[in-house]
Amino acid sequence: MTQPVCLNCGTTNEQAPLLTLTFKGETQYLCSRCFPILIHKPQQLSEKLPGFHPAPPAPHEH
Ligand SMILES: [Zn+2]
């Protein structure tokens, strides 16, 4: 059985809490340190998640 590791940085759940994600039917893990990247800079994760093509950042509209 493979140990869960952060898809972005490889941190194991021995080192930090990992959040479970599902994408295209596959379970992925992301550590708490990398979770903000998914929210704010998802483009950085697109190469880690095959098939993930987040929209480019929207211009600030306010
Ligand atoms: Zn991480």
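**Entry 1: H40.** I started with H40, which has 10 other C-beta atoms within 10 Å and is therefore exposed, and I noted that H40 sits in helix α1. I then looked up a distance from H40 to a residue further along the chain: P57 is 17 residues away in sequence, and the two C-alpha atoms are separated by 8.6 Å. I record here that this is a predicted model, and I read each value below as computed from that model.

**Entry 2: overall layout.** I stepped back to the whole protein chain and found one helix and two strands, which run in the order β-β-α from the N terminus on. For the extent of the C-alpha trace I noted about 45 × 20 × 15 Å along the principal axes. Of the 62 residues in the protein chain, 11% count as buried. Turning to contacts with a separation of 6 or more, I saw that residues 24 or more positions apart account for 26% of them.

**Entry 3: the strand pair.** I asked myself in which sense β1 and β2 pair, and over how many bridges. The pairing of β1 (residues 18-23) with β2 (residues 26-31) is antiparallel, and it extends over six bridges. I checked two positions along it: L18 has C31 of β2 as its bridge partner, and T20 stands opposite Y29, likewise in β2. The two strands form a hairpin, with two residues between them.

**Entry 4: the turn.** I went next to K24, which I located in the loop between β1 and β2. Its phi is positive, at about 55°, although K24 is not a glycine. I set this beside the general expectation that most residues other than glycine have a negative phi. On burial, I found that K24 counts as exposed because it has 9 C-beta neighbours inside 10 Å, where 12 or fewer is the limit for that class.

**Entry 5: the nonpolar core.** Which residues make up the largest nonpolar core? I found five, namely C6, L18, L30, C31 and C34. I kept in mind that in soluble globular proteins nonpolar side chains tend to be buried together. I then followed C6 outward, leaving aside its neighbours within four places in sequence, and listed T11, L18, Y29, L30, C31 and C34 as its contacts. L18 and C31, which belong to the core, are also the bridge partners that I had noted in the strand pair.

**Entry 6: after the helix.** I finished with two residues in the segment after α1, where α1 covers 35-40. One of them is Q44, and with 13 C-beta neighbours inside 10 Å it counts as partly exposed. From Q44 I looked back to P17, 27 residues apart from it along the chain, and found their C-alpha atoms separated by 21 Å.

The other is F52, whose place is also in the segment after α1. Is F52 buried, exposed or partly exposed? I found F52 to be partly exposed, because it has 15 C-beta neighbours inside 10 Å, whereas the buried class begins at 20. Beyond its neighbours within four places in sequence, F52 is in contact with F23, L45 and S46, and I noted that F23 lies in β1, which covers residues 18-23. As a last distance I took F52 to S32, which are 20 residues apart in sequence and 20 Å apart in space, C-alpha to C-alpha.

Key:
Residues are numbered from 1 along each chain as its sequence is written. This is a predicted model: local features need pLDDT of at least 70, side-chain atom pairs count only at pLDDT 80 or more; totals for chains, interfaces and linings use all residues. Two strands pair if DSSP finds at least two bridges between them. Helices (H or I, at least four residues) and strands (E, at least two) are DSSP runs, numbered from the N terminus. Two residues are in contact if their C-beta atoms, placed from the backbone, lie within 7 Å. A nonpolar core is a set of buried Ala, Val, Leu, Ile, Met, Phe, Trp, Tyr and Cys residues joined through C-beta atoms within 7 Å.
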